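User: I'd like a close look at one part of this protein, set against the rest of the fold. Here is the model I have in mind.

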Amino acid sequence: MHRWTSVEDLPDDLGPTVATLGNFDGVHLGHQAVLRTVTDLARERGVPAVAVTFDPHPVAVLHPERAPREIVGLEHRLQLLEEAGLDGVVVIEFTREYARLLPEDFVVETFVDGLRAEVVVVGQDTRFGLHNSGDVATMRQLGEVHGFEVVVQHTAGALADGRRTWSSTALRQAIADGDMALAAQITDRLHRVSGTVVHGHHRGRQLGYPTANLGPDRVGMVPADGVYAGWLGRPSADADDPDRRLPAAISVGTNPTFDDVEERTVEAYVLDRTDLDLYGELVCVDFLARLRGNVRFGSVEELTEQMAHDVDRSRALLAGD
């Protein structure tokens, strides 16, 4: 998949295209429905399928005091867009100056002159341009004027409980609650946090459960404090390496049994392995299920006993995943 940082970077021989736009934070099932329509139409026409997205999130630039927490990091978002079948993504740096583009100026610069789009696919809630003044009706009007077709893809879908739908807002809340099953319903995959393994207090190793501690460079929304069953992935390992994806028990929080941890940490113990040296390696932690919240134990012995139970439960859950 090609990646461009502005419409000025687009090659002269790219177009025509089928295109879409959005933040795609979380790449949930609603986003996936839009992307599927884009790729299907592009394949039918024999042209590239391209998405336009923004970094950072527009709200983080315009209203930083109420910016939403980023669900997935940019690199993971691009990976998910590639897996959806896109041929290219334009990642536009969102600035206050860029936000002042009128809806028509944005569309002409991006989809008409830049991508030479034959079709623009949008979700029913799409907004764009100055003060988000452009909407689906605006896009249709501009399509008639500038000669491109507009396809509206409905992105709402009910979850199993019948009360919630696919959305980045619902996904953020599920992760904040530690409800990994609900998060997986909204995205059809496990939630991921990535980061470089750094040295911690080495307390897990002293207790017999050495952990990989994700450093301050970690990306992806960290779920509620607690202990989880999940997987530790090693993207740099060979595809056929049996240690590329490993079952793990994951701890999130400040470890309340001890008083020397002030910052929230994400650390993963690879089940039944004490031989791994992961320091300095970029790893991915995928969360399957929350086992319990954080508890202050009265003694190290009580903590160690509970850790053994957590590992047993993780092993059972992961065996059936």
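Which backbone oxygen does the side chain of T20 reach, and at what distance? Please start there and then work outwards.

Analyst: Happy to. One caution before we begin: this is a predicted model, and everything below is computed from it.

The side chain of T20 reaches the backbone oxygen of V121, at 2.6 Å. T20 itself is in strand β2, which covers residues 17-21, while β5 spans residues 117-123. With a relative accessibility of 0%, T20 counts as buried, the cut-off being under 20%. Leaving out residues up to four places away in sequence, T20 touches V34, L35, V38, V50, A51, V52, F111 and V121. V121 therefore appears twice in this picture: as a contact of T20 and as the owner of the oxygen that the T20 side chain reaches, a pair that meets the 3.5 Å limit for a polar contact.

Several of those neighbours lead to other parts of the fold. Helix α1 runs over residues 29-45 and strand β3 over residues 49-55. Both elements are also among those that the buried residues of helix α3 pack against, together with β1 (2-4), β4 (88-93) and β7 (191-198). Helix α3 takes in residues 74-83, and its buried residues are L74, H76, R77, L78, L80 and L81. Just after α3, G85 adopts a positive phi of about 105°.

Helix α1 also holds H31. H31 is buried at 14% relative accessibility, and a polar atom of its side chain lies 3.4 Å from the backbone nitrogen of V27. Setting aside neighbours within four places in sequence, H31 is in contact with F24, D25, G26 and S168.

F111, another contact of T20, opens the way to the aromatic residues. F54, F94, Y98, F106, F111 and F128 form one aromatic cluster. Across the model there are nine aromatic pairs. One of them joins F54 and F94, edge-to-face, with 5.9 Å between centres and 85° between planes. F54 lies in strand β3 and F94 in the loop between β4 and α4 (103-114), so this pair ties together parts 40 residues apart in sequence. Both partners are buried: F54 has a relative accessible area of 9%, and F94 has one of 10%. The rings of F106 and F128 also have their centres 5.9 Å apart, but their planes are at 35°, so that pair is tilted. It too links distant parts of the chain, with F106 in helix α4 and F128 in the loop between β5 and α5 (136-146), 22 residues apart. F106 is buried at 4% relative accessibility, and F128 is buried at 4% as well.

Strand β2 also brings us to the open space in the model. β2, α1, α2 (58-62) and α6 (168-176) each supply at least two residues of the lining of the largest pocket. That pocket holds about 1100 Å³ of space. It is lined by 42 residues, and those closest to its centre are N23, D125, T126, R127 and N132. Enclosed space is a separate matter: there are two cavities of 30 Å³ or more. The largest cavity contains about 140 Å³ and has 13 lining residues, with P210, T211, A212, L276 and L278 lying nearest its centre.

One further ring interaction may interest you. The charged end of R245 sits over the ring of W231, 4.1 Å from the ring centre.

Finally, here is the whole protein as a frame for the T20 site. The secondary structure comes to nine helices and twelve strands, and the C-alpha atoms fill a box of roughly 75 × 40 × 35 Å along the principal axes. Of the 321 residues, 50% count as buried, T20 being one of the buried residues. Among contacts between residues at least 6 apart in sequence, 73% join residues at least 24 apart.

Note on methods: Residues are numbered from 1 along each chain as its sequence is written. This is a predicted model: local features need pLDDT of at least 70, side-chain atom pairs count only at pLDDT 80 or more; totals for chains, interfaces and linings use all residues. Side-chain values use heavy atoms; hydrogens and water are left out. Buried means under 20% relative accessible area, exposed over 50%, partly exposed in between (1.4 Å probe, protein chains only). Helices (H or I, at least four residues) and strands (E, at least two) are DSSP runs, numbered from the N terminus. Contact means heavy atoms within 4.5 Å. A polar contact is a pair of N or O atoms within 3.5 Å; within protein, one must be able to donate a hydrogen and the other to accept it, and residues adjacent in sequence count only if both atoms are side-chain atoms. Rings of Phe, Tyr and Trp (its six-membered ring) pair if their centres lie within 6.5 Å; planes under 30 degrees apart count as stacked, over 60 as edge-to-face and the rest as tilted. A charge sits over a ring if NZ of Lys or CZ of Arg is within 6 Å of the ring centre and within 35 degrees of the ring normal. On a 1 Å grid over the protein atoms alone, a cavity is a set of points where a 1.4 Å probe fits but cannot get out, and a pocket is an open set with protein on both sides within 12 Å along at least five of seven lines; lining residues have an atom within 4 Å of a point. Grid points are joined across faces, edges and corners, and a volume is the space filled by probe spheres set on the points.
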